Amino acid sequence: MNEYCAKYGLNEERLPRHVAIIMDGNGRWAKKRLWNRLKGHRAGADAVDAVTTLCREIGVEYLTLYAFSTENWNRPESEVSGLMELFKEFLVSKKGLLIEKQIRLNIIGSKDKFAPELLKLMNETIAETKKYEPKMTLTLALSYGSRQEITTAVRKIAKMAADGEITPEKIDEKLISENLYTFNMPDPDLVIRTSGEYRISNYLLWQIAYSEFYFTDTLWPDFKKDEFIKALKDFAGRERRFGKTGDQVKG
Ligand code: IPE
Ligand code: IPE
Ligand code: MG
């Protein structure tokens, strides 16, 4: 029995194995206080800490956080550069903790637009956290877009076919999954989006085919332990049918 599950009143048997979060509302959180949007992003980093710690405590194996979309490159230059700075700070300041807690860092998205310094930091942190058997995997979706991910996979598979490595008949769901950035992860069981927005914004389109969704009006910087526990309890009460009838699933 996991002592933290007991402490938080969570049923260990009904925990999601993979939680994916669309961390939204940092800008509005700052605006409400008449602050610069970047202050909202900074406050959002504290919520990342809270949610990661809780996952590690209770035994959620995969946590995937949408931190920057391919579309977010279209934001004002000052916000984009402020966010890049924040990602750097995050990597530097959290590396020790990730190692101490045996959390593996993974980054999904297209790497081609990042500054060399940030890329280097990412690769170093990923390598450092690969040295042990992970108790949990924290994935940051950075410069991530699902359509771009699927397009890249299709291109790779088409090349395999053109090179004669496979015949078109060999293309199945498994091969497609294996060519996505998430090839080594189970699909998300639970997707959470904060800030009262009800959309997917190009996040994990293939992977969320059978995920449960949880939406909350809470802005991301305010989404702390209690809010997360509420979402997990809600998830625990869901019946996942995967196309079957309710009776089949219960029986
Ligand atoms: C989410 O918060 C963080 C990123 C997209 C980087 P937003 O910055 O989208 O916050 P709102 O939606 O403007 O409030
Ligand atoms: C989605 O949030 C991306 C991240 C959370 C990083 P946005 O706030 O950018 O989404 P849209 O554009 O409003 O849908
Ligand atoms: Mg937003």
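This report walks through some helices, their packing and a few individual residues in a predicted model.

## Ground rules

Residues are numbered from 1 along each chain as its sequence is written, and chains are lettered from A and ligands numbered from 1 in the order in which they are written. Because the model is predicted, local features need pLDDT of at least 70 and side-chain atom pairs count only at pLDDT 80 or more, while totals for chains, interfaces and linings use all residues; side-chain values use heavy atoms, with hydrogens and water left out.

## Helix 3 from end to end

Let's begin with helix 3, which covers residues 37–58 (helices are DSSP runs of H or I of at least four residues, strands are runs of E of at least two, and both are numbered from the N terminus). Its 22 residues reach 32 Å from the first C-alpha to the last, close to the 32 Å expected at 1.5 Å a residue (the expected span is 1.5 Å times one less than the number of residues).

At the N-terminal end, N36 acts as the cap of helix 3: one of its side-chain oxygens lies 2.7 Å from the backbone nitrogen of L38. Helix 3 is followed by G59, which has a positive phi near 100°. Within helix 3 sits A45, which is partly exposed at 21% relative accessibility (buried means under 20% relative accessible area, exposed over 50%, and partly exposed in between, with a 1.4 Å probe and protein chains only). The C-alpha of A45 is 18 Å from that of I108, 63 residues apart along the chain.

## Helix 3 against helix 4

Two packed helices are described by the angle between their axes and the distance between the axes. The axes of helix 3 and helix 4 come within 10 Å and cross at roughly 30° (axes are lines fitted to C-alpha atoms, for helices over the stretch in contact, and angles run from 0 to 180 degrees between N-to-C directions). Helix 3 and helix 4 are therefore roughly parallel to each other (angles under 35 degrees count as roughly parallel, over 145 as roughly antiparallel, 65 to 115 as roughly perpendicular and the rest as oblique).

Their crossing is right-handed (the near helix is turned clockwise from the far one by less than a right angle; anticlockwise would be left-handed). The contact involves R37, L38, H41, R42, V48 and D49 of helix 3, and S78, E79, G82, L83, L86, E89, F90 and K94 of helix 4 (contact means heavy atoms within 4.5 Å).

## Helix 4 against helix 5

Helix 4 (residues 77–100) also packs with helix 5 (residues 116–128), at an angle of about 15° and with their axes 10 Å apart. That makes this pair roughly parallel, and helix 4 passes helix 5 in a left-handed crossing. Among the residues that meet here are F87, L91 and V92 from helix 4, and L118, L121 and M122 from helix 5.

K88 deserves a look of its own. This helix 4 residue is buried, with a relative accessible area of 17%. Leaving out residues up to four places away in sequence, K88 touches E117, L118 and L121.

## A few more residues to visit

K7, in helix 1 (residues 3–8), is exposed, with a relative accessible area of 60%. The C-alpha atoms of K7 and I58 are separated by 9.6 Å, although their positions lie 51 residues apart along the chain as a spacing.

S201 has a positive phi near 50° without being a glycine. It lies in the loop between strand 5 (190–193) and strand 6 (212–215), and S201 is partly exposed at 31% relative accessibility. F242, another residue other than glycine, has a positive phi near 45°; F242 belongs to the loop between helix 8 (225–236) and helix 9 (246–250).

Note on methods:
A polar contact is a pair of N or O atoms within 3.5 Å; within protein, one must be able to donate a hydrogen and the other to accept it, and residues adjacent in sequence count only if both atoms are side-chain atoms.
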